[in-house]
Amino acid sequence: MKQDRVETFLQQWQQVRPELDCSPMGVIGRLARAQQLISARLLPVFKAFNLSAIEFDILATLRRADCPLTPTELYQTLMISSGAMSTRCEQLVQRQLIERLASGDDRRSCKIALTSIGTTLIDAAVEAHLTNETDILSPLTLDEQQQLASLLTRWLVANE
């Protein structure tokens, strides 16, 4: 079986510190390496739609919510700062992908909604994104993908 980079690191640790159990490094290292490789494969799809990763996330969040959201709801969902959210939203407004809807209750408040252009764009981008993710996961069988998802869910529930 072919060896990954992390296995090389583990073997090196075994050579210099054989008394250490470095198996946690194997799991964490592989998760970190997987994140790097996945990101490198996701970004070209977003760029094909003239979107950054965060812009894709903003539009996708609005699309799956299927209703306007406040900027606070958006930035809390996406775990970015309110300043970063404001900047990105302004850029998306300028590109006519989202619009700000004034609140009838509070003049200082607004909600963010997809425009029809934004909806069309994110629908196409999500389809391409899913095709890409399917390709990224193709070395694993469907059963293996489900097992991996289950294990990651268990870990996330315990750590989030």
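Let me begin with a definition: a patch, as I use the word here, is made of residues with over 30% relative accessible area and no salt bridge, and nonpolar side chains are joined into one patch within 5 Å. Please also keep in mind that what we are looking at is a predicted model.

With that in hand, the nonpolar patch on this surface covers about 750 Å², and the residues that make it are V27, I28, L31, L137, L140, L148, L152, W155 and L156. Two helices, α2 and α7, each supply at least two of these residues, and α7 gives the most, with 4 residues. To take one member as an example, L156 lies in helix α7, and L156 counts as partly exposed because its relative accessible area is 36%, a value that also satisfies the cut-off of over 30% for patch membership.

Let me turn to the largest pocket, whose volume is about 1,300 Å³. Of the 24 residues that line this pocket, the closest to its centre are R30, L31, A34, Q35 and I38, and you will recall L31 from the list of residues that make the nonpolar patch. The elements that give two or more residues to the lining are α1 (5–16), α2 (23–48), α6 (116–136) and α7 (142–159). Among these, α2 gives the most, with 12 residues. If we sort the lining by class, we find 16 nonpolar, 2 polar and 6 charged residues. R30, which I named among the residues closest to the pocket centre, is also linked with D4 and E7 in a network of salt bridges.

That brings me to the salt bridges, of which a search of the whole structure finds 9. One of them joins the side chains of R88 and E55, at 3.8 Å from N to O. Since R88 lies in helix α5 and E55 in helix α3, this pair ties together parts that are 33 residues apart in sequence. The two partners differ in exposure, for R88 counts as partly exposed at 28% relative accessibility, whereas E55 counts as buried at 6%. E55 has a further partner in R95, with the closest N and O atoms 3.3 Å apart. Here R95 lies in the loop between α5 and β1 while E55 is in helix α3, so the pair ties together parts that are 40 residues apart in sequence. R95, at 29% relative accessibility, counts as partly exposed.

Another salt bridge is formed by R63 and D66, whose closest N and O atoms are 4.0 Å apart, which is at the edge of the distance cut-off of within 4 Å. In this pair R63 counts as partly exposed, at 33% relative accessibility, and D66 is exposed, with a relative accessible area of 61%.

Finally, a word on the backbone. Most residues other than glycine have a negative phi. Against that background, which residue in the loop between α2 and α3 should we look at? It is N50, which has a positive phi of about 60° although it is not a glycine. N50 is exposed, with a relative accessible area of 57%. Q96 likewise has a positive phi, in this case of about 65°, although it is not a glycine, and Q96 is placed in the loop between α5 (82–94) and β1 (98–102). That loop is also where R95, one of the partners of E55, lies.

Terms used. Residues are numbered from 1 along each chain as its sequence is written. This is a predicted model: local features need pLDDT of at least 70, side-chain atom pairs count only at pLDDT 80 or more; totals for chains, interfaces and linings use all residues. Side-chain values use heavy atoms; hydrogens and water are left out. On a 1 Å grid over the protein atoms alone, a cavity is a set of points where a 1.4 Å probe fits but cannot get out, and a pocket is an open set with protein on both sides within 12 Å along at least five of seven lines; lining residues have an atom within 4 Å of a point. Grid points are joined across faces, edges and corners, and a volume is the space filled by probe spheres set on the points. Ala, Val, Leu, Ile, Met, Phe, Trp, Tyr, Cys and Pro count as nonpolar, Asp, Glu, Lys and Arg as charged, and the others, Gly among them, as polar. Buried means under 20% relative accessible area, exposed over 50%, partly exposed in between (1.4 Å probe, protein chains only). Patches are made of residues with over 30% relative accessible area and no salt bridge: like charges are joined within 9 Å, nonpolar side chains (Val, Leu, Ile, Met, Phe, Trp, Tyr) within 5 Å. Accessible areas come from the Shrake-Rupley method with a 1.4 Å probe; for residues, only the protein chains shown count as cover.
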